[in-house]
Amino acid sequence: MARHSGPRTVQCYHCRHRFDVGGRAQSTSCPHCHKALIVADVIVDKLRGPLREIRTCGRVQVNKRGRLIAELIEAHGGIECLGIIESHRVLSGAAVTLGPKAQFKGDLQAPSLEILLGARLYGWIQVPDDSLGLSDLPRTA
């Protein structure tokens, strides 16, 4: 999991309100709508799902032996897939990377997409897309 050094700006995935959180925060609640938010990265090493939704203000990372099955995946920090993702709808606020043996099934909306040789895609792709409205947020590595 990535640890950020200082405060960072996140956007609530329920009401789209922007606010600052501490660099080490794993979860918080939105000061506007008071709903719980996951701020940490979601890392998938094995089968996870079927789930209704996975939402995070961080990244979603599916490792080589990982498989993520969900109706909705929303990752404001981007997606890196080396394994398998199956979803009806995937929204990313940053770059999506599909590794050489990745399998992606579903509808994807993201600002950019990197597909390495050997990856398999099934579904509808809309790139560039800023449907989450995150293009003007400062990016932290």
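Is R16 buried, exposed or partly exposed? In this predicted model, R16 has a relative accessibility of 34% and therefore counts as partly exposed. The tour starts at this residue.

**Stop 1: the β1–β2 hairpin**

Select R16, which lies in the loop between β1 and β2. Its phi is near 70°, a positive value in a residue other than glycine. Now extend the selection to both strands: β1 and β2 form a hairpin, with 6 residues between them. Strand β1 covers residues 8-11 and is joined to β2 by 4 bridges, the two running antiparallel. Display V10 and F19 together, since V10 stands opposite F19 in β2.

Next, show the side chains of β2, residues 18-21. F19 and V21 point to one face and are buried, while R18 and D20 point to the other face and are not buried. In a regular strand, side chains alternate between the two faces of the sheet.

**Stop 2: the loop between β3 and β4**

Move to C33, located in the loop that connects β3 (27-29) with β4 (36-38). With a relative accessible area of 25%, C33 is partly exposed. Setting aside neighbours within four places in sequence, C33 is in contact with C12, H14 and C15. A distance label from C33 to R18 should read 11 Å between C-alpha atoms, for a separation of 15 residues in sequence.

Select H34 in this loop between β3 and β4. H34 has phi near 65°, a positive value in a residue other than glycine. H34 is exposed, with a relative accessible area of 62%.

**Stop 3: the open parallel sheet**

Which strands form the open sheet, and in what order? Select five elements: the 5 strands follow the order β5-β7-β9-β11-β13, with parallel pairing. The strands β5 and β13 (113-115) stand at the edges with a single partner each, so one side of each has no neighbour in the sheet. Neighbouring strands here are turned by 5° against each other on average, direction ignored.

At one edge, zoom in on β5 and β7, which run parallel and are joined by 3 bridges. V44 can be shown with V62 in β7, the residue it stands opposite.

**Stop 4: strand β8 and its partners**

Select β8 next. Of its 9 residues, 7 are buried, so the strand is largely enclosed by the rest of the structure. Strand β6, residues 47-56, pairs with β8 in the parallel sense over 7 bridges; within this pairing, L51 has A70 of β8 as its bridge partner. β8 is also joined to β10 by 8 bridges, again running parallel. Here L72 stands opposite R89 in β10.

Remain on β6 to inspect E53, which lies in this strand. At 32% relative accessibility, E53 counts as partly exposed. The C-alpha atoms of E53 and I69 are separated by 8.9 Å, with the two residues 16 apart along the chain.

P50 also lies in strand β6. The peptide bond from G49 to P50 is cis, with omega near 5°.

**Stop 5: the nonpolar cores**

Which residues have the most contacts inside the largest nonpolar core? Colour V60, V62, L68, I73, I79, I85 and L98: these have the most contacts inside this core of 20 residues. At least two residues each come from β5 (42-44), β7 (60-62), β8 (67-75), β9 (79-81), β10 (84-92), β11 (96-98) and β12 (103-109). The greatest share is that of β8, with 4 residues. In soluble globular proteins, nonpolar side chains tend to be buried together.

Centre the view on L98. Not counting residues up to four places away in sequence, L98 touches C81, F104, L113, E114, I115, L116, A119 and L121. Apart from the largest core lies another, of 10 residues, among them A25, C30, L37 and C57.

**Stop 6: a charge over a ring, and the segment after β15**

Select K105 and Y122. The charged end of K105 sits over the ring of Y122, 5.7 Å from the ring centre. A search of the whole structure for aromatic pairs finds 0.

Finish at P128, in the segment after β15 (125-126). The peptide bond from V127 to P128 is cis, with omega near -5°.

Methods: Residues are numbered from 1 along each chain as its sequence is written. This is a predicted model: local features need pLDDT of at least 70, side-chain atom pairs count only at pLDDT 80 or more; totals for chains, interfaces and linings use all residues. Side-chain values use heavy atoms; hydrogens and water are left out. Rings of Phe, Tyr and Trp (its six-membered ring) pair if their centres lie within 6.5 Å; planes under 30 degrees apart count as stacked, over 60 as edge-to-face and the rest as tilted. A charge sits over a ring if NZ of Lys or CZ of Arg is within 6 Å of the ring centre and within 35 degrees of the ring normal. A nonpolar core is a set of buried Ala, Val, Leu, Ile, Met, Phe, Trp, Tyr and Cys residues joined through side-chain atoms within 4.5 Å. Buried means under 20% relative accessible area, exposed over 50%, partly exposed in between (1.4 Å probe, protein chains only). Contact means heavy atoms within 4.5 Å. Two strands pair if DSSP finds at least two bridges between them. Axes are lines fitted to C-alpha atoms, for helices over the stretch in contact, and angles run from 0 to 180 degrees between N-to-C directions.
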